Amino acid sequence: MIDTKGSGISGDRPAGAPIVALEGVNYTLDVGGRPLHILKNVSLTVAPAEVVAIVGPSGSGKTSMLMLLAGLERPTDGSVVVAGQDLRTLSEDQLADFRRKTLGIVFQSFHLIPSLTALDNVALAYEIAQPELGLKKTREAAAAALAAVGLGKRLDHRPAALSGGEQQRVGIARAMISRPQLLLADEPTGNLDQTSGATVIELMFDMARKQNAAVVMITHDPGLAARADRVLTMTAGELVETTRTTR
């Protein structure tokens, strides 16, 4: 079991309040002196431990919404509240601290550091989030996280020596080691074959359930989306449909 007690930030979220609360969010960029409306009046709530899938065509605004949830971009107007934090009120340094302590992110392209072993990739993320723990405890926690995703015997392998599915397992261990309140996943199976993708998603959902983390996931895979509690469709910057699923 991974010992990450006390690794999350408490925030000001009352008991039972949503992890995600977007209200009337617009996101507009200036392109060649003309406004490009990427998100249009988007509202969304996500409950603790809820899994939400966002589907829709490329360029519809899905990834932009994830970037707003991560505090990597700021809305033109509207409210973005995550784990009780109004992200509009936080400085860049505060946003970085918020991400370290509150969010886990799983990328399509893994984004592992190629010169580091699987163990060191995960340990580095944990060290950044919890620098007070010290090297020994950090590496022990990283080893436990990798064992939890079935890579206990691959700790010393660098990314080039791992399959795509194994690299994404490292990514999941890295994302979940600090017990985030919210996991953001951007096409987590996009670079995997069907069998590896199914295994990775099962691991990701299993770890999220065990840690009571909410999940907001972008996917083009209807089978994967159907495994979520809710499926929302993004079209031309608008959330136009919500479907509750049964699991």
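Which residues of α3 are buried? Keep that question in mind while loading the structure, which is a predicted model.

**Stop 1: helix α3**

Select α3, residues 118-129. The buried residues in α3 are A118, L119, N121, V122, A123, Y126 and A129. An α-helix has 3.6 residues a turn, so residues three or four places apart point the same way. Now show α2, α4 and α5, which are among the elements that cover the buried residues of α3. To check the helix geometry, take the distance between its end C-alpha atoms: they are 17 Å apart, which agrees with the 16 Å that twelve residues should span at 1.5 Å a residue.

**Stop 2: the largest pocket**

Keep α3 on screen and add α2 (92-102), β6 (103-106) and α5 (164-176); each of these four elements supplies at least two residues to the lining of the largest pocket. The contribution of α3 is the greatest, at five residues. This pocket has a volume of about 480 Å³. Its lining comprises 17 residues, and R99, R100, L103, A125 and R174 are the closest to the pocket centre. Select those five to centre the view. By class, the lining holds ten nonpolar, four polar and three charged residues.

**Stop 3: the largest nonpolar core**

In soluble globular proteins, nonpolar side chains tend to be buried together. Here the largest nonpolar core has 42 residues. Select V122, L146, V149, V170, I172, M204 and M217, the residues with the most contacts inside this core. Then colour the elements that give two or more residues to the core: β3 (51-55), α3, α4 (135-148), α5, β7 (182-186), α6 (194-211), β8 (214-218) and α7 (222-225). Of these, α6 gives the most, with seven residues.

Zoom in on V149. Apart from neighbours within four places in sequence, V149 is in contact with R169, I172, A173, L203 and M207.

Before moving on, select Y27, I54, L66 and M234. These belong to a second, separate core, which has 32 residues.

**Stop 4: A173 in α5**

Go next to A173, a residue of helix α5. Is A173 buried or exposed? A173 is buried, because its relative accessible area is 1%, and the cut-off for buried is under 20%. Beyond its neighbours within four places in sequence, A173 is in contact with V122, A145, L146 and V149. For a distance check, pick the C-alpha atoms of A173 and I113: they are 14 Å apart, with the two positions 60 residues apart along the chain.

**Stop 5: loops on either side of β7**

Select R179, in the loop between α5 and β7. Its phi is near 50 degrees, a positive value in a residue other than glycine. R179 has a relative accessible area of 31% and is therefore partly exposed.

At the other end of β7, T189 is in the loop that leads to α6. T189 counts as buried because its relative accessible area is 13%. Leaving out neighbours within four places in sequence, the contacts of T189 are G197, I201 and L224.

A positive phi also occurs at H111, where the value is near 55 degrees; this residue, too, is not glycine. To find H111, look in the loop between β6 and α3.

**Stop 6: A213**

Move to the loop between α6 and β8, where A213 lies. A213 counts as buried because its relative accessibility is 1%. Setting aside neighbours within four places in sequence, A213 is in contact with A49, M176, P180, Q181 and A208. From A213, draw a line to R88: these residues are 125 apart along the chain, and their C-alpha atoms are separated by 23 Å.

**Stop 7: the cavity**

R88 leads to the last stop, as one of the residues that line the largest cavity. Rolling a probe the size of a water molecule over the atoms shows where empty space is left. How many cavities of 30 Å³ or more are there? The count is one. The volume of the largest cavity is about 40 Å³. Select L68, G71, E73, R74, P75, V80, L87, R88 and L95 to show its lining. By class, this lining has five nonpolar, one polar and three charged residues.

Key:
Residues are numbered from 1 along each chain as its sequence is written. This is a predicted model: local features need pLDDT of at least 70, side-chain atom pairs count only at pLDDT 80 or more; totals for chains, interfaces and linings use all residues. Side-chain values use heavy atoms; hydrogens and water are left out. On a 1 Å grid over the protein atoms alone, a cavity is a set of points where a 1.4 Å probe fits but cannot get out, and a pocket is an open set with protein on both sides within 12 Å along at least five of seven lines; lining residues have an atom within 4 Å of a point. Grid points are joined across faces, edges and corners, and a volume is the space filled by probe spheres set on the points. Ala, Val, Leu, Ile, Met, Phe, Trp, Tyr, Cys and Pro count as nonpolar, Asp, Glu, Lys and Arg as charged, and the others, Gly among them, as polar. A nonpolar core is a set of buried Ala, Val, Leu, Ile, Met, Phe, Trp, Tyr and Cys residues joined through side-chain atoms within 4.5 Å. Buried means under 20% relative accessible area, exposed over 50%, partly exposed in between (1.4 Å probe, protein chains only). Contact means heavy atoms within 4.5 Å. The expected span of a helix is 1.5 Å times one less than its number of residues.
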